[in-house]
Each structure stands twice: as structure tokens, then as C-alpha cells.
Amino acid sequence: MNFAFSEEQEQLREFVRSFLEDKSAEDAVREQMDTEQGYDEAVWNQMAEQMGLQALAIPEEFGGQGFGFVEQVVVLEEMGRALLCAPYFSSCVLAANAILQSGDDDAKKALLPGIASGGTRAALAFTEESGRWDEGGITLQASGGGDSWTLDGTKMYVLDGHTANLIIVAARTDAGVSLFSVDADAEGLTRTALSTMDQTRKQAKLDFSGVSASLIGDDGAGWAAVETVLDLAAVALAAEQVGGAQMCLDMSVEYAKVRVQFGRPIGSFQAIKHKCADMLLEVESAKSAAYYAGWCAAEMNDELPQVASLAKSYCSEAYFHAAAENIQIHGGIGFTWEHPAHLYFKRAKSSELLFGDPTYHRELLAQRIGI
């Protein structure tokens, strides 16, 4: 079994990295993170029309390119490296997979082509004020039946929820958790942008008051789909974290080579050598975890639930440690707002908590393997 990336996948990596170095440089990231929208419409359209990134992992029958999750891992790793400000994760990972896992062919045909073309920016709303990531945390009520459903309640921490034009909502009916699609302009829906520590990834609060919705999949069958989506999201985020951690390592090593103290580069001091060596070990181990999890996600095999939690917990800690050490190695300049180190530190911390922190995922892993 060969877990190395193919020549085509490496070419995809080079292609995406070159694009992001041009379109998601530090100046562009700082410019977009200070806007409420949080992304550049022109860059988003280029990603769709010239790169085909939004369509990458969507089946061809629904307007996509039909590539697998491994290719998406490659792309997400590069996006994490560049701190791309765009609703890619919310639309193409969370919402698209929720629709794909729903088992509703009509919904797939109706909604996925728009996501693949970039014209539809979708968001998945499932977390609430409790901040829980499990089935019990979903309390927003859906009432009605057939083709007539209404939603009442509040969703919190919805990634790009204030700019999306399609909302996929996990709500509770008499039969259990179900998935619904809601037009962003629907009457009774109020969307409020939230203030976040990591300004490169926008979040929103969504208030539903008698909002009309369309059922996706079978009534009461939504949690099985959401649970799989959360596993896929954990793998996708682990890939992002690997990209960010590698960037922190690269920044640290480069600075250690050029920063001179006491007449020699600081990289020649044992303390700095140890920090860089420890970071390298953790980053390479994180890559192994994320890549294997990506392969499991592509195959949708029985190991996915376990390795998703394993990858998310390990990559979260590796990224946060790399981001913190990056600041330490840079010294005083690393603590300033003018230096990009703090941008990676904030992304590392927010990603560590997103979809459950390492402690949560280790507990989940223990349950899943029967400990």
C-alpha cells in the first residue's frame, strides 16, 4: 500500500501554492480579515473559474470534478499554510459533505452544482449556544411535515454564516435530528457576524423565527450524516493545521539562520536547535496522521471515525506548539502585531477548539475503540 502522493497530486500542490502565494499573501490576509465579509470576491471567483477548487471533490454527476478526499487534503494543507481568507471550508467541506452524506439525490442535484461553480456559498449550521459537538447539542426545533417545515431557535459559531447564500441546518423534529436547507434571504432569519479571536475565519449567529425550510434526506436521519461530516471535517481541519504548522516551522528556521546574536546566527545555539528539532518531529508526525486520515476519508472505510479523532487531536497540539515556538524563536518582533506569527497563533488556537479540542477527541477515540 503506497501512501505517497502521486505526481498529479504534487502538481496540484504546486499549482495551488503558487496561486495562494500570489492571492493570499500577508497583505491580502490582513486586508480581508479586517472586513466583515472576510474574503475577496474576485479571488473566490478565480478559485472557481480558473482553478476549479470548489468543484474538486464534488462528483462529476453533480457538476464537480470528481476527485477524492486526498486531493482535497492537498488543497486544504496549502490553504492552511497561506491562511486563506475564503468560505472554502464552510462551503466545500462542511455544507457540500452534509448534502453528499444525506442520501437525498434530489437535493444533491439541486444544490451541489451551485457549490461546485462557486456561485453558491453554503454554510452548515449545527452548533448552538451550548457549544456542544454531539447529537444532544442540537435543540433548534423544526415543525411541520412533507414540503412545509419551519425552524425556530438559534445557531451559534456558524462558519461564514453571515455571508453564505445557502444554509444547511441541523434541527430536531419529533423523529430526531434532521437536515434542512434554508435560503439566506428567508423571512424570519437574522444573521449576525460574531467577534472572533481568529479574524481570518469568520463566524456568525443565526436566529430562526418561523423560517421556511426544505427537508434534506429522511426525517430523523440527519445525525448519521452530520456525524460523518464532523469526522470528515476533523480530517480536513487536520490537513489545514499541518499546512500552518509547516509554515511556522519554515518561518522559525529561516529566522534562526539570519538573526545574528553575540556574533553568530541564533540557529547555532543549542536551545534554538532543540526547539526547531522538536517542531520538525511534531510537524512530520502530524503529516503522517493527517495523510493517513485523508486516505481513510477517501476510502470511507471503517477506520475513519477513529483516525479522524486521532488526527484532529494530534494535529491541533502540533500546530499550536509550532505557532507558540515560532513566536518564542522570533523573540520581541514575534510578539508584535506587525509580524505574521500572531496570525498563525490565533488560527492555531481557534482550530484547536473547532469541532472539539484534543481532550474531547481523545475521549471520543477511547469510546470508539472500546476503551
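Here is a walk through a predicted model, from a loop close to the start of the numbering to a set of packed helices.

Let's begin at Ser-24, which sits in the loop joining helix H1 (7–23) to helix H2 (26–33). Is Ser-24 buried or exposed? With a relative accessible area of 7%, Ser-24 is buried, because the cut-off for that label is anything under 20%. Its side chain has a polar partner: it reaches the backbone oxygen of Ala-82 at 3.0 Å. If you set aside the neighbours within four places in sequence, Ser-24 touches Val-29, Ala-82, Leu-83, Leu-84 and Cys-85.

One of those contacts, Leu-83, deserves a look of its own. Leu-83 belongs to the loop between helix H4 (69–82) and helix H5 (88–101). Its phi is near 50°, which is a positive value in a residue other than glycine. Leu-83 is also buried, at 2% relative accessibility.

Tyr-157 gives you another case of positive phi in a residue other than glycine, with a value near 55°. This one is in a strand, S3 (residues 148–159). What does its accessibility say? At 35%, Tyr-157 counts as partly exposed.

Now move to helix H3, which spans residues 41–51. At the start of H3, a side-chain oxygen of Asp-40 comes to within 2.8 Å of the backbone nitrogen of Ala-42. Further along, the buried residues of H3 are Val-43, Trp-44, Gln-46, Met-47, Ala-48 and Met-51. As a reminder, an α-helix has 3.6 residues a turn, so residues three or four places apart point the same way. Try tracing that pattern through Val-43, Gln-46 and the rest of the buried set in the model. What do these buried residues pack against? Their partners are H1, H4, H5 and helix H6 (105–117). After H3 comes Gly-52, and its phi is positive too, near 65°.

H5 leads us on to the helix pairs. H5 and H7 pack with their axes 9 Å apart, at an angle of about 150°. Angles over 145 degrees count as roughly antiparallel, so that is the label for H5 and H7. The crossing of H5 past H7 is right-handed. On the H5 side, the contact is made by Phe-89, Val-93, Leu-94, Asn-97, Ala-98 and Gln-101. H7 answers with Ala-225, Thr-228, Val-229, Leu-232, Ala-233, Ala-236, Leu-237 and Glu-240. Sorted by class, the residues of this contact are ten nonpolar, three polar and one charged.

H7 (residues 222–258) also packs on helix H10 (residues 341–353), at an angle of about 150° and with the axes 11 Å apart. That angle makes H7 roughly antiparallel to H10. Here the crossing is left-handed. From H7 the contact takes Leu-237, Glu-240, Gln-241, Gly-244, Met-247, Cys-248 and Met-251, and from H10 it takes Ala-341, Tyr-344, Arg-347, Ser-351 and Glu-352. The class count for H7 with H10 is six nonpolar, three polar and three charged residues. If you follow Leu-237 and Glu-240, you will find them in the contact of H7 with H5 and again in the contact of H7 with H10.

H10 has a further partner in helix H9 (residues 304–330): the two axes come within 9 Å and cross at roughly 155°. H9 and H10 are therefore roughly antiparallel to each other, and H9 passes H10 in a left-handed crossing. H9 brings Lys-312, Ser-316, Tyr-319, Phe-320, Ala-323, Ala-324, Asn-326 and Ile-327 to this contact. They meet Ala-341, Tyr-344, Phe-345, Arg-347, Ala-348, Lys-349, Ser-351 and Glu-352 of H10. By class, that gives nine nonpolar, three polar and four charged residues.

We can finish inside H10, at His-342. At 10% relative accessibility, His-342 counts as buried. Which backbone oxygen does its side chain reach? It is that of His-339, at 2.8 Å. Leaving out neighbours within four places in sequence, His-342 contacts Arg-30, Thr-336 and Trp-337. Asn-326 lies 16 residues away from His-342 along the chain, and their C-alpha atoms are 9.2 Å apart.

Note on methods: Residues are numbered from 1 along each chain as its sequence is written. This is a predicted model: local features need pLDDT of at least 70, side-chain atom pairs count only at pLDDT 80 or more; totals for chains, interfaces and linings use all residues. Side-chain values use heavy atoms; hydrogens and water are left out. Helices (H or I, at least four residues) and strands (E, at least two) are DSSP runs, numbered from the N terminus. Buried means under 20% relative accessible area, exposed over 50%, partly exposed in between (1.4 Å probe, protein chains only). A polar contact is a pair of N or O atoms within 3.5 Å; within protein, one must be able to donate a hydrogen and the other to accept it, and residues adjacent in sequence count only if both atoms are side-chain atoms. Contact means heavy atoms within 4.5 Å. Axes are lines fitted to C-alpha atoms, for helices over the stretch in contact, and angles run from 0 to 180 degrees between N-to-C directions. Angles under 35 degrees count as roughly parallel, over 145 as roughly antiparallel, 65 to 115 as roughly perpendicular and the rest as oblique. A crossing is left-handed if the near helix is turned anticlockwise from the far one by less than a right angle, and right-handed if clockwise. Ala, Val, Leu, Ile, Met, Phe, Trp, Tyr, Cys and Pro count as nonpolar, Asp, Glu, Lys and Arg as charged, and the others, Gly among them, as polar.
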